[in-house]
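Me: Here is a model I would like to go through by its side-chain contacts. Please keep the answers short and end each on what was asked.

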Amino acid sequence: MPPGSDVPLASKLALLLRRKVEAAGKTPSTRTLAAATAEAPGEKPAMTHQVVNDLLNGVKSNPSTSQLQGLARAFECPVAYLLPGYNGLTSLSVYEEQQDAREALRLVHDLGEAGAAELLEAAREIRLRHGRSDLTVPEVPEPLPPVAEPPRPGRRRRLSFAEAADRAVSDLEGT
């Protein structure tokens, strides 16, 4: 995604959905996502599962402010990422989560391009000191690998007639 290009909301949501894989390795349902849009667990969701489905499929592309906030809660991303023109999930997440990053940007505000270039160079040097030699940081970070869920006890598979007969014989004989 090149900077400044306008990525549709449905594409951003599809990317976030791929990143939100549950422990079982499955993507959450639209009902689960709709329930996650509520401000607090058990409260009324910000939208129905049908609206979530319409947004994911691109049928609807202009959600209300409360719906955007709910989507951000459900997908655990900054609200700004869901707005047109804001494609850098990595930088928006840093901006939202780290007070010092906001302070650094505030301090560069009136220094112009030279100040921004100095800040950028200092950040590159800091990355090198921390062993991060790759200077290209993705706009959207790679998702964490899903945690494998332990196998659950399930229903026994159906036995063939011969297998059932053999099991009955072994049960009767006590072997």
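Me: How far apart are the closest N and O atoms of Glu103 and Arg106?
Reply: This is a predicted model, in which local features need pLDDT of at least 70 and side-chain atom pairs count only at pLDDT 80 or more, while totals for chains, interfaces and linings use all residues. Residues are numbered from 1 along each chain as its sequence is written, and side-chain values use heavy atoms, without hydrogens and water. Glu103 and Arg106 are 3 residues apart in helix H6 (residues 99–108; helices are DSSP runs of H or I, at least four residues, numbered from the N terminus), so about one helical turn separates them. They form a salt bridge (a side-chain nitrogen of Lys or Arg within 4 Å of a carboxyl oxygen of Asp or Glu), and their closest N and O atoms are apart by 2.5 Å.

Me: How many salt bridges does a search of the whole structure find, and which residue pairs with Glu76?
Reply: The search gives 2 salt bridges. In the one with Glu76, the closest N and O atoms are 3.7 Å apart and the partner is Lys20. The pair links distant parts of the chain, with Glu76 in the loop between H4 and H5 and, 56 residues apart from it, in the loop between helix H1 (9–19) and helix H2 (30–36), Lys20.

Me: Is Glu76 buried or exposed?
Reply: The cut-offs are under 20% relative accessible area for buried, over 50% for exposed, and partly exposed in between (1.4 Å probe, protein chains only). Glu76 has 66% relative accessibility, so it counts as exposed.

Me: What is phi of Glu76 near?
Reply: Most residues other than glycine have a negative phi. Glu76 is a residue other than glycine with a positive value, near 50 degrees.

Me: Which residue has its charged end over the ring of Tyr81?
Reply: Tyr81 lies in the loop between helix H4 (65–75) and helix H5 (89–97), and it counts as buried because its relative accessibility is 0%. A charge sits over a ring if NZ of Lys or CZ of Arg is within 6 Å of the ring centre and within 35 degrees of the ring normal. Here the charged end is 5.2 Å from the centre of the ring, and it belongs to Lys12.

Me: How far are the C-alpha atoms of Tyr81 and Lys12 separated?
Reply: Along the chain, Tyr81 and Lys12 are 69 residues apart. Their C-alpha atoms are separated by 8.1 Å.

Methods: Helices (H or I, at least four residues) and strands (E, at least two) are DSSP runs, numbered from the N terminus.
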